[in-house]
Amino acid sequence: MRTMQVVQPGRPLDAVDMPIPAPGRDQVLLRVRACGVCRTDLHVVDGDLTEGKLPIVPGHEIVGEVVSLGHAVRGFSPGERIGVPWLGHTCGTCPNCRSGRENLCPQARFTGYHLDGGYAEYALAEARFCFPLPSTYSDAEAAPLLCAGLIGYRALRMAGDARVLGIYGFGAAAHIVAQVACHQGRVLYAFTRPGDEDAQHFARSLGASWAGGSGERPPQPLDAAILFAPVGALVPQALAATAPGGTVVCAGIHMSDIPSFPYQLLWGERIVRSVANLTRQDGEEFLALAPKVPVRTEVEVFPLVRANEALARLRAGRVRGAAVLDCT
Ligand SMILES: [Zn+2]
Ligand SMILES: [Zn+2]
């Protein structure tokens with residue numbers, strides 16, 4: 001099978017042919033149909049995240065068709081279309097796993113980071129972490145739901161009942177979260193790179209009632225802000241735009257250093273928090289909600305062998321919505 005792999009961080013992906021693997025007792029073998037390209041993949045390729053396996057097949061928004069099953073797998077059958085997210089394995093027994101916080105399991109293994117992912121024609125996944133997918137989405141349209149959607153949804157939940165919500169960085173996750181937030185009746189403001197009028201227009205087309213540069217003040221203070229851009233300097237900027245009692249949610253797995261800032265920006269019971277990974281419950285809730293909103297994903301599709309081009313466009317901020325690889 002054809003794969004695209006990180007062999008050495010800091011270099012482009014290499015095309016590597018490998019034997020098609022056989023599923024272990026708890027795994028499914030999937031024929032990958034589409035795989036989303038996430039900013040986290042860039043952090044893996046660039047070597048910002050250093051705890052993973054090398055070489056690694058990246059990709060944790062896998063839409064695939066079940067080819068075969070390990071002997072202990074129940075609930076899926078060959079031919080079924082399912083999705084594989086970032087959370088690929090947990091221990092199931094630690095205090096976090098037993099208290100609904102499996103996203104924080106110290107033994108967790110992540111797809112496309114510790115476990116080979118979906119930049120390939122075939123992939124293995126542990127069946128209990130896979131999801132059935134809503135039938136109303138094509139393969140490419142469904143892929144961004146699996147990380148941009150799920151982790152965006154978790155970040156939105158961490159924003160609580162904020163009526164006025166600011167989103168910093170208007171990429172794949174933001175374009176999904178914006179639709180959910182508007183569906184919930186929130187007022188949405190979008191912050192983009194200064195002068196990025198395409199992204200601001202895109203945000204307004206998805207329901208933002210105001211869109212501007214990240215250093216601008218919105219029409220009214222935010223009740224919460226979600227940061228999808230991996231830029232630490234946005235944290236004090238977002239705090240300055242947030243009302244007392246409000247929360248700034250950092251949704252990325254990696255962020256540049258946060259500069260020091262006056263305590264006055266945090267004062268007033270403002271909260272800064274991160275969102276780490278996802279739980280299966282996040283996935284079940286979001287995948288049930290998405291077709292009801294209905295969330296529409298906008299995708300730019302690249303053939304698997306052009307994964308490096310997809311990553312380069314994402315790095316340059318030139319993808320409208322989400323980049324997706326066609327692995328068929
Ligand atoms: Zn655990
Ligand atoms: Zn992701």
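User: How should relative accessibility be read for asparagine 277: is this residue buried or exposed?

Analyst: Buried means under 20% relative accessible area and exposed over 50%, with partly exposed in between (1.4 Å probe, protein chains only). Asparagine 277, at 13%, therefore counts as buried. The model is predicted: local features need pLDDT of at least 70 and side-chain atom pairs pLDDT 80 or more, whereas totals for chains, interfaces and linings use all residues. Residues are numbered from 1 along each chain as its sequence is written, chains are lettered from A and ligands numbered from 1 in the order written, and side-chain values use heavy atoms, without hydrogens or water.

User: Where does asparagine 277 lie, and what is noted about its phi?

Analyst: Helices (DSSP runs of H or I, at least four residues) and strands (runs of E, at least two) are numbered from the N terminus. Asparagine 277 is in the loop between β15 and α8, and its phi is positive, about 65°, although it is not a glycine. Glutamate 269, also not a glycine, has a positive phi of about 60°. Glutamate 269 belongs to the loop between β14 and β15 and, at 70% relative accessibility, counts as exposed.

User: Which residues bind the zinc ion (ligand 1) as donors, and what is the geometry of the site?

Analyst: Donors are N, O and S atoms within 2.8 Å of the metal (3.2 Å for Na, K and Ca); water is not among the atoms, so sites may look incomplete. For ligand 1, the protein donors are the SG atoms of Cys91, Cys94, Cys97 and Cys105, at 2.3 to 2.4 Å. Four donors count as tetrahedral if all angles lie between 85 and 135 degrees. Here the angles are 105 to 116°, and the site is tetrahedral. The donor spacing in sequence is C-x2-C-x2-C-x7-C. Cysteine 97 is buried at 16%, as is cysteine 105 at 6%.

User: What are the protein donors of the zinc ion (ligand 2)?

Analyst: They are Cys38 (SG), His60 (NE2) and Cys147 (SG), 2.0 to 2.2 Å from the ion. Histidine 60, in the loop between α1 (39-46) and β4 (62-69), and cysteine 147, in the loop between α3 (139-142) and α4 (148-158), are 87 residues apart and link distant parts of the chain. Histidine 60 is buried, at 1%, and cysteine 147 is buried at 6%.

User: How is the order of strands in the open sheet read?

Analyst: Two strands pair if DSSP finds at least two bridges between them. The sheet has six strands in the order β12-β11-β10-β13-β14-β15, with parallel pairing. Its edges are β12 (210-213) and β15 (271-274), each pairing on one side only. Five bridges join the parallel strands β10 (residues 164-168) and β11 (residues 187-192), and tyrosine 168 has phenylalanine 191 of β11 as its bridge partner.

User: Which residues touch the most other members of the largest nonpolar core?

Analyst: In soluble globular proteins, nonpolar side chains tend to be buried together. A nonpolar core is a set of buried Ala, Val, Leu, Ile, Met, Phe, Trp, Tyr and Cys residues joined through side-chain atoms within 4.5 Å. The largest core here has 97 residues, and Val28, Tyr119, Leu165, Phe170, Ile226, Phe286 and Leu325 touch the most other members. A second, separate core has 17 residues, including Val164 and Leu239.

User: Where do the cis peptide bonds lie?

Analyst: One joins leucine 54 and proline 55, with omega about -10°; proline 55 is in the loop between α1 and β4. Another joins valine 293 and proline 294, with omega about -15°; proline 294 is in the loop between α8 (280-289) and β16 (299-303).

Methods: Tetrahedral: all angles 85-135°; square planar, octahedral: opposite > 155°, others 65-115°.
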